[in-house]
Amino acid sequence: MARSDRILLLLQTLRQYRRPVRGEQLAEDLSVSLRTLYRDIATLRAQGADIRGEPGMGYQLKSGFLLPTMMFSEEELEALILGTRWVAARGDGDLAQAARAAVARISAVLPAPLRDQIEENQLLIGPAEQAEGPTGDLKRLREAIRREQTLQFSYLDLSGQKSARRVWPFALGYFDQVRVLVAWCETRKDFRHFRADRISDLLETGERYPRRKAALLSEWRARQQAGASNAAADSS
């Protein structure tokens, strides 16, 4: 294991313990010698980590310490680059620009060897099929989700019927060809999925809906899992 990866793993391991943990236990967790462990703890302390304790007494990491970005492991860095490249290729204009800016910002603070890994990274995003029609005003949908605000719009369903909807938006799904808004629909009194390209006359009410989006997402996921389990039982 590369030293930078080992030190990152040590930090993550220390965060798992709420009470002081003996050096022997840490060394066993990390499959390293005590001498290596003590050296890595000294390195973390030099970088600003508030690690209390000493040999024979146990160690504890005080909260609030964040590693510099140079401590990304190679796998983590590849995941970040692949993810941002996907967004740059599949996201709408605002998200694509933000993804490219994020890569540039990360690259600017990395040491030369890791910066070279970004420039020479060979994980590529393949071409996608053309999206069906306009993607809708995704930026306004994302902002409403962040602010937990009610939206009103007209929606054209697959049968060609148009209806007025008032919803509590809490998630936005990105697929190759469509973008789907997930929301609680006041009109239907239930969870509903809306293709962004079929939304029109979008109105931001400025009103905050009465539930938290995290709670709505959790309930929606439970419904989805229950539906999948029932479908599997019916087919068995």
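# Burial and packing in the model

Colleague: Which residues of helix H2 (residues 23-30) are buried?

Modeller: The model is predicted, so that local features need pLDDT of at least 70 and side-chain atom pairs count only at pLDDT 80 or more, while totals for chains, interfaces and linings use all residues. Residues are numbered from 1 along each chain as its sequence is written, and side-chain values use heavy atoms, with hydrogens and water left out. Helices (H or I, at least four residues) and strands (E, at least two) are DSSP runs numbered from the N terminus; buried means under 20% relative accessible area, exposed over 50% and partly exposed in between, with a 1.4 Å probe and protein chains only. In H2, the buried residues are Gly23, Leu26, Ala27 and Leu30.

Colleague: What arc around the axis do the buried residues of H2 cover?

Modeller: The arc is that of the directions from the helix axis to the C-beta atoms. The buried residues lie on the same side of H2, because they cover an arc of only 100°.

Colleague: What covers the buried residues of H2?

Modeller: Contact means heavy atoms within 4.5 Å. The cover of the buried H2 residues includes helix H1 (3-16), helix H3 (34-46) and strand S2 (58-61).

Colleague: Which elements give two or more residues to the largest nonpolar core?

Modeller: A nonpolar core is a set of buried Ala, Val, Leu, Ile, Met, Phe, Trp, Tyr and Cys residues joined through side-chain atoms within 4.5 Å. The largest one has 16 residues, of which Leu141, Leu151, Phe153, Val167, Leu181, Phe194 and Ile199 touch the most other members. The elements that give two or more residues to it are helix H7 (138-147), strand S3 (149-156), strand S4 (162-174), strand S5 (179-185) and strand S7 (199-208).

Colleague: How many residues of this core come from H7?

Modeller: H7 supplies the largest share of the core. That share is 4 residues.

Colleague: How many residues make up the other core, which lies apart from it?

Modeller: Members of this other core include Leu10, Leu30, Ile51 and Tyr59. Its residues number 15.

Colleague: What is the relative accessible area of Thr150?

Modeller: Thr150 is located in strand S3. Beyond four places in sequence, its contacts include Arg166, Val167, Trp168, Leu203 and Tyr209. Thr150 counts as buried because its relative accessible area is 3%.

Colleague: How many aromatic pairs are there?

Modeller: Rings of Phe, Tyr and Trp (its six-membered ring) pair if their centres lie within 6.5 Å; planes under 30 degrees apart count as stacked, over 60 as edge-to-face and the rest as tilted. By this rule, the number of aromatic pairs is 8.

Colleague: How far apart in sequence are the parts that the pair of Tyr155 and Phe194 ties together?

Modeller: The pair is edge-to-face, because the ring centres of Tyr155 and Phe194 are 5.0 Å apart and the planes stand at 85°. Tyr155 belongs to strand S3 and Phe194 to strand S6 (residues 190-195), so the separation in sequence is 39 residues.

Colleague: Which strands hold Phe170 and Phe191?

Modeller: Phe170 and Phe191 form an edge-to-face pair, at 5.7 Å centre to centre and 80° between the planes. The pair ties together parts 21 residues apart in sequence, because Phe170 and Phe191 lie in strands S4 and S6, respectively.

Colleague: Which residues do ring pairs link into a cluster?

Modeller: Phe170 and Phe191 are both buried. The cluster linked by ring pairs consists of Trp168, Phe170, Trp184, Phe191, Tyr209 and Trp220.
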